[in-house]
Amino acid sequence: MSAPEDLSETAPPPAPSVRRWTLARRIAVLALAPAALALVGGSIWLRTQMHGALYQSFAQALQERQERVAARLLHVPGVKDEVTESGAGDEFSTIYSGWYWQVRRTSDASTLGHSRSLWDAEAQLLDKAAGPAALGLMQARGPRAEPLLAQSRSITLSGLNEPATLTVFAPASALQDNLERIDRILLVSVISLIVFLTVMLLAQVRVGLAPLRRLTRAVAAERQPHGPRHPQTPRIQDVPAGSDLAPLQRELGALLAHNERVVSRARAHAADLNHALKKPLALLAASASRQSQVDSAEALQHITAMTRLIDRYQSRTMSDAAHASATHASTAVLECLTPIVQAMRRLHAAQELDWHMDAPPPAAAWRWRGDRTDLEEAAGNLLDNAGKWAASQVRLQVRRTGSALRLSIEDDGPGMSAAQLEAAGQRGLRFDESVEGTGLGLSIASQIAQAYGGELKLGKSEALKGLRVELTLEGLI
């Protein structure tokens with residue numbers, strides 16, 4: 001026995017130039033990217049607000065000290081103009097305390113005076129703004145190279161004929177430490193939240209896509225129906241997929257079931273054709289064995305019969321292909337059935353049967369969503385069988401049941417026993433060899449009914465006392 005064919009090798013590989021993302025990756029990226037952007041943007045906004053609040057508080061402290069220092073400044077005229085502070089006894093009096101002030105001429109930036117805390121040194125402005133520009137804070141460096149923040153304002157001193165600039169300096173190390181601590185807290189928080197969201201998202205994707213993985217395993221198991229099936233792998237219709245995937249689950253199950261019916265019908269067509277060809281071939285073989293030369297007319301008769309059978313089953317195969325691809329158009333029910341009844345009346349004219357079709361007035365507008373050939377073959381086989389066995393009359397009743405077309409065919413023939421009704425429909429089974437036929441009519445009609453979601457029922461006719469056959473086909477519109 002040869003090894004089973006690997007179906008995966010038949011699928012064409014994806015184009016190498018096309019980058020295919022998995023569903024899990026798309027969900028993860030679409031969910032994580034906006035969340036990360038929101039976290040980063042929110043943290044930047046929060047950092048700006050907190051930094052601004054700290055700088056504003058620092059600027060208010062400098063402004064208060066500017067007001068206090070400006071109120072205590074005195075101008076001492078003389079050979080060398082100087083500015084001194086009266087009543088100093090605060091942070092500006094402690095040497096190198098980090099709190100300093102300087103007064104310079106606005107015209108030439110020469111120093112007029114400074115705080116006692118500077119001793120004999122100077123604090124240098126770095127011409128770099130710090131914090132929001134509206135606060136007017138500048139970076140500076142103290143006499144011991146310590147970081148400072150400064151704020152300047154213009155003042156007017158009595159006895160000085162030109163404006164002067166007062167600059168107050170404050171230590172910036174504590175503020176810088178607070179700003180750095182805020183940045184570290186925000187950075188760690190954002191990274192932690194992103195990592196947490198990533199882990200939770202991966203868990204959600206794994207749990208959320210679990211039904212799809214179960215469906216994938218069930219479909220993969222259906223691809224090898226004759227191989228070993230894992231006991232924990234359920235059928236597609238039994239997979240717990242949830243309400244959102246239930247439509248996909250139903251469609252997959254229906255598609256696989258339909259494909260299975262199509263394959264079954266194809267096998268049945270092959271078996272029917274094989275069975276139907278046996279009789280003419282057997283007759284040809286018998287004629288050839290009885291005589292050295294076979295009569296050409298007899299051979300032509302059998303060849304014509306076999307050709308007709310091949311054409312017939314080829315037409316049925318094409319009808320199945322059209323039905324499988326769902327490209328068939330709708331069929332007018334009465335337009336299809338009326339010619340069949342007329343053809344049966346001519347075919348069985350020798351029996352002088354009474355053929356009667358009963359259909360309600362709305363049936364003239366009924367259309368059946370199926371292939372016309374299937375309806376013709378199913379109804380034709382059943383009517384032909386009824387005509388062969390009927391004694392005097394055959395009745396065809398056309399009815400509608402919801403979205404299903406129901407055809408009831410009755411005759412006044414001998415009918416069938418309970419055993420015959422149970423065995424009816426088996427391919428090639430004939431109950432009377434004296435009646436011409438292949439024994440395939442009921443089997444073919446049953447296959448067509450199953451292909452369209454219907455069924456074929458056999459029973460006794462209460463009105464005519466013969467056989468009653470009821471054919472149901474879904475798809476009536």
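Contact here means heavy atoms within 4.5 Å, and that is the sense in which helix α6 (residues 333-347) lies across β10, β12 and β13. Do keep in mind that this is a predicted model. Two open sheets give us a good way in: one has six strands with antiparallel pairing, and the other has five strands with mixed pairing. Helices pack on both, as the points below set out.

**The six-stranded sheet**

- The strand order is β4-β3-β8-β7-β6-β5, with β4 (111-114) and β5 (124-129) at the edges, each pairing on one side only.
- Neighbouring strands are turned by 30° against each other on average, direction ignored.
- At one end of the order, β3 (residues 100-105) and β4 run antiparallel and are joined by three bridges; Q102 has H114 of β4 as its bridge partner.
- Helix α1 (residues 23-72) packs on this sheet, where it touches β3, β7 (147-155) and β8 (164-171). The direction of α1 makes about 50° with that of β7.

**The five-stranded sheet**

- Here the order reads β10-β12-β13-β15-β14, and the twist averages 15° from one strand to the next.
- β10 and β14 (455-460) each have a single partner strand, so one side of each is left without a neighbour in the sheet.
- The parallel pairing of β10 (residues 354-358) with β12 (residues 393-401) runs over five bridges. Within this pair, W355 has V394 as its bridge partner, while H356 stands opposite R395.
- β12 and β13 (residues 404-411) run antiparallel and are joined by eight bridges, with R399 opposite R406 of β13.
- Two residues lie between the strands in the β12-β13 hairpin, and G402 takes a positive phi near 65° there.

**Helices on the five-stranded sheet**

- α6 runs at about 170° to β10 as it lies across β10, β12 and β13.
- α9 lies across β14 and β15 (467-474), and runs at about 135° to β14.

**Where α7 meets α9**

- α9 (residues 441-451) also packs with α7 (residues 372-389), at an angle of about 145° and with the axes 9 Å apart.
- The crossing of α7 past α9 is left-handed.
- On the α7 side, D374, E377, A378, N381, L382 and N385 make the contact, and on the α9 side G441, L442, I444, A445 and I448 do.
- By residue class, this contact divides into six nonpolar, three polar and two charged residues.

How values were computed
Residues numbered from 1 in each chain as written. Predicted model: local features only at pLDDT ≥ 70, side-chain atom pairs only at ≥ 80, totals over all residues. Heavy atoms only, no water. Axes fitted to C-alpha atoms, helices over the stretch in contact; angles between N-to-C directions. Helix = DSSP H or I, 4+ residues; strand = E, 2+ residues; numbered from the N terminus. Left-handed = near helix turned anticlockwise from the far one by under 90°. Nonpolar A, V, L, I, M, F, W, Y, C, P; charged D, E, K, R; others polar. Pairing = 2+ DSSP bridges.
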